[in-house]
Every structure is written in structure tokens, then in C-alpha cells.
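Work through the exercises below with the sequence and the structure open beside you. Try each task before you read its solution.

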Amino acid sequence: NQREYQYCVEILSMAYEDLAEYNKAIKYAQINLELDINDESKQIAHDIIGRSNFHLGYYEKAIESFNYAIIYLQRYLNINIDKIENGQIHNELLGEIYYNLSSSYYANENHNLGNVNLRYAAKCGYPPAISKCHKSNIYL
């Protein structure tokens, strides 16, 4: 059925990413996005595409994909940026995506947006982001 097929495609995209076969990971994640999937699965697909593009050095594509991953995860969790700003959200997955987004901005020489997203990652409780903010004197 459709759900089982979608799940298999999702697993393939994850497996190819783990094997550092990033073009294949992107291919299967994009196939997944063409299916009628929920926001959680869209977030996963965009996250895989973002990480794969980052590893391939396509930082602008990574930025676009991480932004979509954030949109879908926030919608799936029914949260918004105000809740993050106010410290009401502790979600390490969301923090990790913001952290990856910040890394993409840094790699693309946009340090201002890198810092903004690093701060959001820390506010979501992602430990590497918290540590990096403290070391970089980024206000939380």
C-alpha cells in the first residue's frame, strides 16, 4: 500500500545518506516528497536533502531544504518562533535542524543568519548549539 511504499522510500533515503551516497539520498527523499505524505515525513525528507546537499557543498540548496524542514516540523508540532524565542520549546530535533541551518549559513559566508539560527538551535535545547553560543558569546 501507499504508506508502506512511502516508508520504504524514506528508509532508502536514510540508508543512502548513512552510506554517504548523497545523490541517491536526495533522489529517494525527493521521490518521497512527491507522495502524499504528512508533515513529519516531509520534514524528514527535507532534512535528508539539506544534510546531503551540505555534504556535497551545495549550501544554498541546503539552506532551502533546512528551512522547509523547520516549517514542516513546526507545523507538525504546532509551535512557532515566538514559543522558541520565549524558551517554551525544548525539542532537540528542531534544534538540530536549526544548527544544521546555521552551519549552512556559516559555510555560505552569511554569519549574521548563522548566528540567528545557532541561537534558535540553542533555545530549542540542542547541546552543541548551547556550547557554541557560550563559546561565541551569542546571547541566549
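The expected span of a helix is 1.5 Å times one less than its number of residues. Helices are DSSP runs (H or I, at least four residues), numbered from the N terminus. The model is a predicted one, in which local features need pLDDT of at least 70 and side-chain atom pairs count only at pLDDT 80 or more, whereas totals for chains, interfaces and linings use all residues. Residues are numbered from 1 along each chain as its sequence is written, and side-chain values use heavy atoms, with hydrogens and water left out.

**Exercise 1. Compare the end-to-end distance of helix 7 with its expected span, and then find its buried residues.**

Step 1. Helix 7 covers residues 111–123. With 13 residues at 1.5 Å a residue, helix 7 should span 18 Å, and this agrees with the 18 Å that separates its end C-alpha atoms.

Step 2. For burial we use relative accessible area, computed with a 1.4 Å probe on protein chains only: buried means under 20%, exposed over 50%, and partly exposed in between. The buried residues of helix 7 are Gly114, Asn117, Leu118, Arg119, Tyr120, Ala121, Ala122 and Lys123, and they pack against helix 5, helix 6 and helix 8.

Step 3. Just after helix 7 comes Gly125, whose phi is positive, at about 90 degrees.

**Exercise 2. Describe the surroundings of Ala121 and compare its burial with that of Leu93.**

Step 1. Ala121 has a relative accessibility of 0%, and therefore counts as buried. Contact means heavy atoms within 4.5 Å; apart from neighbours within four places in sequence, Ala121 is in contact with Gly95, Tyr98, Tyr99, Tyr126 and Ala129.

Step 2. Leu93 belongs to helix 6 and is partly exposed, since its relative accessible area is 36%. With neighbours within four places in sequence again left aside, Leu93 is in contact with Gln43 and Leu73.

Step 3. Leu93 and Ala121 are 28 residues apart along the chain, and their C-alpha atoms are separated by 9.2 Å. Ala121 and Asn23, in turn, are 98 residues apart in sequence, with 27 Å from C-alpha to C-alpha.

**Exercise 3. Which side of helix 2 is buried, and what covers the buried residues?**

Step 1. Helix 2 runs over residues 22–34 and reaches 19 Å from its first C-alpha to its last, which is close to the expected 18 Å.

Step 2. Tyr22, Ala25, Ile26, Ala29 and Asn32 are the buried residues of helix 2. Their directions, taken from the helix axis to the C-beta atoms, fall within an arc of 120 degrees, so these residues line one face of helix 2. An α-helix has 3.6 residues a turn, so residues three or four places apart point the same way.

Step 3. On the other side of helix 2, Asn23 and Glu34 are exposed. The cover over the buried residues of helix 2 includes helix 1 (2–18) and helix 3 (39–56).

**Exercise 4. Locate the nonpolar cores and say which elements build the largest one.**

Step 1. A nonpolar core is a set of buried Ala, Val, Leu, Ile, Met, Phe, Trp, Tyr and Cys residues joined through side-chain atoms within 4.5 Å. The largest core has 25 residues, and those with the most contacts inside it are Ile84, Leu94, Tyr98, Leu101, Leu118 and Ala129.

Step 2. Two or more residues of this core come from each of helix 4 (59–77), helix 6 (92–107), helix 7 and helix 8 (127–136). Helix 6 gives the largest share, seven residues.

Step 3. A second, separate core has six residues, among them Ala25, Ala29, Ala45 and Ile49.

**Exercise 5. Find the loop residues other than glycine that have positive phi, among them Asn78 and Glu109, and state how accessible these two are.**

Step 1. Asn78 has a phi near 60 degrees, positive although the residue is not glycine, and its place is in the loop between helix 4 and helix 5 (81–85). Asn78 counts as exposed because its relative accessibility is 62%.

Step 2. Glu109, in the loop between helix 6 and helix 7, has a positive phi near 70 degrees. Its relative accessible area is 61%, so Glu109 is exposed.
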